[in-house]
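Me: I would like to go through this model with you, beginning with the contact between the chains and then moving to individual residues. Please keep the answers plain.

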Amino acid sequence: MDEIDLVRAARPVDSYPAAARAAARARLDAAIAEAAAPATSQPARRDRRRSGRMRRAAIAGALAVAVAVALTVTQQLGPDGAPPPAAPTANAAELANSAAAAAAARPVPTPRPHQWVYTKELRVEYGSRKPFTVEHWVRVDGRKDVRPTSDRRAARARKVSRERLPLQVLRQRLQLPPSRCPPDTPVRVRPAVGLGHWFPDPSAVPTDPDGLLAAVYRLVQDPACAPIPAGDTVQDQAFMLIDAMLATVLPAEVRAALYRALARIPGVTVVRGASDAAGRRGVALARAAAIEGRGSSGWLRLEIILDGDTYRYLGARHVVTRDHFIPDTPSGSKGTWFRKGQVLVSRAQLALAVVAAPCQRPGETTVCASYAEVTWVGG
Amino acid sequence: MRTLPTPIGPDPPAQPADSDAALIGTSCSQPQAFAAIFDRHADGLYQYVAGRVGAHAAADVVAEVFVVAFRTRDRYDRDRPDARPWLYGIATRLVARHWREERRRLRALARIAAPDAVDGFEEHATDRVVAQQLHPRLARALHRLSAADRDLLLLVAWGELTYQQAGQVLGIPMGTVASRLHRIRRKLRSALDDAGPTRSAENRQ
């Protein structure tokens, strides 16, 4: 054997870890997107001179502009322009009680198995340049669902959004709505909508807040799912899972109990003047996320936004509450800055309805079928 | 009548539409075309880089290679259909930079930890990853080569570049590549023979 062959044979065989590969690809995609964007395109030579940090700042800036188009504020301030005082937990309980009372009083029809649940959302995601709409029809029994072709665009935006996030943990964390199990984990086959998606026996779901919260805590620690990402907490996961539940069709008493359960999660506060992806201002139940260790907890706030008057569920968002840097590698100087006021992901529920047929929209009875029976069940 | 020359000089020779050169050309006006270059070469490049700096640092270096490549794509020589020499050249420079930074970091650490240990730390920095993954004797033999020789050898052995491509990377003619590799072989052989049992015995283990 030749000496060079000897060296060749000794080459360590490391296959490219999927997460590292995706992160590398995402960095390239970000560079490509920047070059492709007319607003930030520069002559190549000048481009090269800009430091990595400036490049990322430029991306973040472009993102902030895109977000600002949809959102009237990028920073939640009180009505007087001052940061909202740390609301005592009693306020969260008060808000939750009001929301629960309103939800309990709002009639919700029981969807029949052959009906369809229609949802329409406006989303702004990290890395996507502008808000996009997602429409979705799921048959109540979960056996069929319809996604219009435009949804492919949304899926692409979501994919880009996920890939641009610098850390796997963040990538898993910032999905809206969070699935019960993180991606790539086989999920038991269950109805796609309603409580049945999460609970094997929807009729046995507790309607007292403490019992329901305990059930939610059990769900997020379900051993059938991947363990909770390092640095994440059960409380954050529970908060986001409840958000996902609130976004679907629920029995009134369960919805009411979910609001009260939210206020029982430690650290949940009230943020006034929060606005959803559609720019609707409301009042939010919020929690400072204990995201991603190394003394960085509390830089991101999760918000569930309710209408200030009717307490109807409007949407959710994740807001950066102080400047924070996440290195690409544990020791690296390269990474991504998140800036105070930046909205990482934002969602507005524009419609939640039970309809008779797929591809039928509320109020558009002639589009798909003439026998449309549309019942609004927004909570 | 002759056709007018284009302002940028003669057209590059026709390349297959899906060659790296064609893709890079397209990416000058349609940047997203460049993503295909990553998809083609990222895995092979990772192997080469991971062998040289270890899996942990390789993730960062490989990501950087493609960003650097993308930003300098307008200078790519489109006469070369295969982009690998270009990419491996960028990677080799970044590997060198990585070790420079690593040595600087370790020197700083050494100054804090033990003022006299600088040299030991420094040697550790160049050797560590290779030593973790190779047979110690082969690692020692590689370490004895000059940085330029090590680059050439590993581009050929781990990067799987041809002599011609490796020469393109390092900017040396092919004859020089061949003679230098011959010398490298001899150096490796004597380094391995120095170190006790014959390499053929080692090889059969």
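Me: How much area is buried between chain A and chain B?
Reply: The model is a predicted one. The area buried between chain A and chain B is about 3,800 Å², and carbon and sulfur atoms give 60% of that area.

Me: Which three residues of chain A supply more of the area it buries against chain B than any other three?
Reply: They are A:Glu3, A:Arg11 and A:Tyr16, which supply 18% of the area that chain A buries against chain B.

Me: And how many residues does the contact take from each chain?
Reply: It takes 35 residues from chain A and 45 residues from chain B.

Me: How many salt bridges and polar contacts are there between chain A and chain B?
Reply: The count of salt bridges between chain A and chain B is six. For polar contacts, the rule finds seven residue pairs across this interface, with both residues at pLDDT 80 or more.

Me: Which elements of chain A give two or more residues to the side that touches chain B?
Reply: Those elements are helix H1 (3-9), helix H2 (18-36) and helix H3 (44-49) of chain A. H2(A) gives the most, with 12 residues.

Me: How do the residues on that side divide into nonpolar, polar and charged?
Reply: On the side of chain A that touches chain B, 18 residues are nonpolar, two are polar and 15 are charged.

Me: Back to the salt bridges. What is the partner of A:Glu3?
Reply: A:Glu3 forms a salt bridge with B:Arg189, and the closest N and O atoms are 2.9 Å apart. The pair joins two chains, because A:Glu3 lies in helix H1 of chain A and B:Arg189 lies in helix H9 (residues 174-194) of chain B.

Me: Are those two residues buried or partly exposed?
Reply: A:Glu3 is buried, with a relative accessible area of 4%. B:Arg189 is partly exposed, with a relative accessible area of 33%.

Me: Which residue pairs with B:Asp39?
Reply: B:Asp39 forms a salt bridge with A:Arg25, with 2.7 Å between the closest N and O atoms.

Me: Taking all chains, how many salt bridges does a search of the whole structure find?
Reply: The search finds 23 salt bridges over all chains.

Me: What about A:Asp236, where is its partner?
Reply: The side chain of A:Asp236 meets that of A:Arg287 in a salt bridge, at 2.3 Å from N to O. A:Asp236 lies in helix H9 (residues 234-246) of chain A and A:Arg287 in strand E5 (residues 281-289) of chain A, so the pair ties together parts that are 51 residues apart in sequence. A:Asp236 is buried at a relative accessible area of 0%, and A:Arg287 also counts as buried, at 10%.

Me: Which residues are joined into one network by salt bridges that share partners?
Reply: The network joins A:Glu121, A:Arg123, A:Asp243 and A:Arg347.

Me: Now A:Arg317. Where does it lie, and is it buried or exposed?
Reply: A:Arg317 lies in strand E7 (residues 313-320) of chain A. A:Arg317 counts as buried, because its relative accessibility is 0%.

Me: What does the side chain of A:Arg317 contact?
Reply: The side chain of A:Arg317 makes a polar contact with the side chain of A:Glu303, at 2.7 Å. A polar atom of the A:Arg317 side chain also lies 3.4 Å from the backbone oxygen of A:Ser275.

Me: Changing topic to backbone geometry, where is the kink in helix H2 of chain B centred?
Reply: The kink is centred on B:His41 and is about 50°, in helix H2 (residues 35-53) of chain B. H2(B) is largely enclosed by the rest of the structure, because 14 of its 19 residues are buried. B:Gly54 follows H2(B) and has a positive phi, near 90°.

Me: Which residues have a positive phi although they are not glycine?
Reply: Among them are A:Tyr311, with a phi of about 60°, and B:Glu160, with a phi of about 55°.

Me: Where does each of these lie?
Reply: A:Tyr311 lies in the loop between strand E6 (300-306) and E7 of chain A, and A:Tyr311 is partly exposed, with a relative accessible area of 21%. B:Glu160 lies in the loop between helix H7 (147-157) and helix H8 (163-170) of chain B. B:Glu160 is partly exposed, with a relative accessible area of 48%.

Technical notes:
Residues are numbered from 1 along each chain as its sequence is written. Chains are lettered from A and ligands numbered from 1 in the order in which they are written. This is a predicted model: local features need pLDDT of at least 70, side-chain atom pairs count only at pLDDT 80 or more; totals for chains, interfaces and linings use all residues. Side-chain values use heavy atoms; hydrogens and water are left out. Contact means heavy atoms within 4.5 Å. Buried area is the accessible area (1.4 Å probe) that two parts lose on being put together, summed over both. A salt bridge is a side-chain nitrogen of Lys or Arg within 4 Å of a carboxyl oxygen of Asp or Glu. A polar contact is a pair of N or O atoms within 3.5 Å; within protein, one must be able to donate a hydrogen and the other to accept it, and residues adjacent in sequence count only if both atoms are side-chain atoms. Helices (H or I, at least four residues) and strands (E, at least two) are DSSP runs, numbered from the N terminus. Ala, Val, Leu, Ile, Met, Phe, Trp, Tyr, Cys and Pro count as nonpolar, Asp, Glu, Lys and Arg as charged, and the others, Gly among them, as polar. Buried means under 20% relative accessible area, exposed over 50%, partly exposed in between (1.4 Å probe, protein chains only). The bend at a residue is the angle between axes fitted to the seven residues ending there and the seven starting there.
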